[in-house]
Amino acid sequence: WRYRCLLKKHMPDIYLGFTAKPNIYGSVAAQSLGIPVINNISGLGTVFGAMSASFVGKALSRLLRVLYRFALLRSDKVFFQNKDDRREFIEQGVVKADLTDLLPGSGVDLDRFAYKPIIASDFSSKISNELKQARFLLVARMLWDKGVGEYIEAARLLSRNYPHAEFCMIGFLDFQNPEAISEAQMDEWIAEGVINYLGVINDIRPEIAKADCVVLPVLFREGTPRSLLEAAAMGRPVITTNTVGCRETVDDGVNGYLGIP
């Protein structure tokens with residue numbers, strides 16, 4: 001109802017929905033006012049992933065599919081950010097194939113996220129001498145489903161042989177999310193000395209430039225992770241999981257590595 005009131009007040013020429021609630025509620029509201037609708041399905045998240053294995057997850061997944069089917073019924077165009085999500089929606093009858101197209105990610109401004117080459121001599125000194133100071137970086141919301149726990153465990157394992165390697169994390173603590181990392185847990189990791197938590201940073205370009213590798217061990221399906229696109233744009237290798245959306249950003253063994261989810 002709030003969507004409809006807002007749209008009725010402004011009466012835009014086109015409504016562009018992005019993420020689940022705007023795609024569902026916003027689309028229905030716009031269609032009720034005769035406003036053309038374009039949708040961007042930017043990822044299906046936990047409800048379509050690991051969470052759907054539980055009874056509650058399966059019920060939520062079914063409900064969400066019904067809502068999407070109703071919301072997209074009269075859309076003019078539906079973009080997907082990876083071929084897996086597109087195929088699933090078409091095969092399950094959520095959307096008609098001729099309405100769909102692929103839009104590989106939300107895009108990166110290459111003037112802002114410009115290529116910053118890693119100086120070969122600097123990198124060689126980092127990994128060849130006894131200090132081994134390679135710097136890893138995770139950029140994500142601090143959620144268990146983003147693979148933060150796996151990143152911490154990898155940092156612990158590597159730190160045993162490479163005590164001077166640095167493992168950094170950037171992202172906000174989303175306390176309203178049931179999958180959020182608690183402040184107490186984060187403080188415990190910091191006190192342990194296993195990671196360097198940089199908090200929330202508005203401009204992450206300097207941190208990406210300082211990193212030798214960007215890591216995202218996400219456990220559920222993504223659209224196309226923006227943090228990985230930004231890392232690739234700046235010329236940083238990526239380590240991520242072989243999951244929906246993430247695998248689109250990496251040529252395994254060329255610009256990074258895909259791990260088992």
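The following legends describe close-up views of a predicted model.

**View 1. The whole protein contains 9 helices and 10 strands.** Of the 261 residues in the protein, 43% are buried. The accessible surface of the protein comes to about 14,100 Å², and carbon and sulfur atoms account for 57% of that area. Among contacts with a separation of 6 or more, 61% are between residues 24 or more positions apart.

**View 2. Four strands form an open sheet in the order β1-β2-β3-β4.** The pairing in this sheet is parallel. Strands β1 (15-18) and β4 (100-102) stand at the edges with a single partner strand each, so one side of each lacks a neighbour in the sheet. On average, neighbouring strands of this sheet are turned by 20° against each other, direction ignored. Strands of a sheet pair through backbone hydrogen bonds, in either a parallel or an antiparallel manner. Strands β1 and β2 are joined in the parallel sense by 4 bridges, and Leu-16 has Ile-38 in β2 as its bridge partner. Strand β2 is mostly covered, with 4 of its 5 residues buried. Strand β3 (residues 77-80) runs parallel to β4 and is joined to β4 by 3 bridges; the partner of Phe-79 in β4 is Asp-101.

**View 3. Helices α2 and α4 lie across strands of the four-stranded sheet.** Helix α2 (residues 20-32) lies across β1 and β2 (37-41). The direction of α2 is at about 155° to β1. Helix α4 (residues 83-91) lies across β3 and β4, and runs at about 165° to β4.

**View 4. Helix α3 (residues 55-72) includes Leu-60 and Ala-71.** Is Ala-71 buried or exposed? Ala-71 is buried, because its relative accessible area is 0%, whereas buried means under 20%. Leaving aside neighbours within four places in sequence, Ala-71 is in contact with Asn-23, Ile-24, Ser-27, Val-28 and Gln-31. The C-alpha atoms of Ala-71 and Asn-23 are separated by 7.2 Å, although these residues are 48 residues apart along the chain. Leu-60, by contrast, is partly exposed, with a relative accessible area of 34%. Together with Leu-63 and Leu-67, Leu-60 makes a nonpolar surface patch of about 230 Å².

**View 5. Six strands form a second open sheet, in the order β7-β6-β5-β8-β9-β10.** The strands of this sheet pair in parallel. Strands β7 (196-197) and β10 (256-259) are the edge strands, and each pairs on one side only. Strands β5 and β8 are paired over 2 bridges in the parallel sense, and Leu-137 has Val-214 in β8 as its bridge partner. Helix α6 (residues 148-161) lies across β5, β6 (166-170) and β8. The direction of α6 is at about 165° to β6.

**View 6. Helix α9 (residues 226-233) contributes buried residues.** Ser-227, Leu-228, Glu-230, Ala-231 and Ala-233 are buried in α9. Which elements do the buried residues of α9 pack against? They pack against β5 (135-139), α8 (205-210), β8 (213-216) and β9 (238-241). After α9 comes Gly-235, which has a positive phi near 85°.

**View 7. Asp-84 and Arg-247 form a salt bridge between distant parts of the chain.** The closest N and O atoms of this pair are 3.2 Å apart. Asp-84 belongs to helix α4, while Arg-247 is in the loop between β9 and β10, 163 residues apart. Asp-84 counts as buried, at 13% relative accessibility, whereas Arg-247 is partly exposed at 28%.

**View 8. Arg-135 and Glu-207 meet in a salt bridge, with 3.0 Å from N to O.** Arg-135 lies in strand β5 and Glu-207 in helix α8, so the pair ties together parts that are 72 residues apart in sequence. Arg-135 and Glu-207 are both buried. A network of salt bridges links Arg-135, Glu-166, Glu-207 and Lys-210.

**View 9. Glu-153 and Arg-156 meet in a salt bridge within helix α6.** The distance from N to O is 3.2 Å. These residues are separated by about one helical turn, because they are 3 residues apart in the helix. An α-helix has 3.6 residues a turn, so residues three or four places apart point the same way. Glu-153 is partly exposed at 35% relative accessibility, and Arg-156 is partly exposed at 27%.

Methods:
Residues are numbered from 1 along each chain as its sequence is written. This is a predicted model: local features need pLDDT of at least 70, side-chain atom pairs count only at pLDDT 80 or more; totals for chains, interfaces and linings use all residues. Side-chain values use heavy atoms; hydrogens and water are left out. Buried means under 20% relative accessible area, exposed over 50%, partly exposed in between (1.4 Å probe, protein chains only). Contact means heavy atoms within 4.5 Å. Patches are made of residues with over 30% relative accessible area and no salt bridge: like charges are joined within 9 Å, nonpolar side chains (Val, Leu, Ile, Met, Phe, Trp, Tyr) within 5 Å. Accessible areas come from the Shrake-Rupley method with a 1.4 Å probe; for residues, only the protein chains shown count as cover. A salt bridge is a side-chain nitrogen of Lys or Arg within 4 Å of a carboxyl oxygen of Asp or Glu. Two strands pair if DSSP finds at least two bridges between them. Axes are lines fitted to C-alpha atoms, for helices over the stretch in contact, and angles run from 0 to 180 degrees between N-to-C directions.
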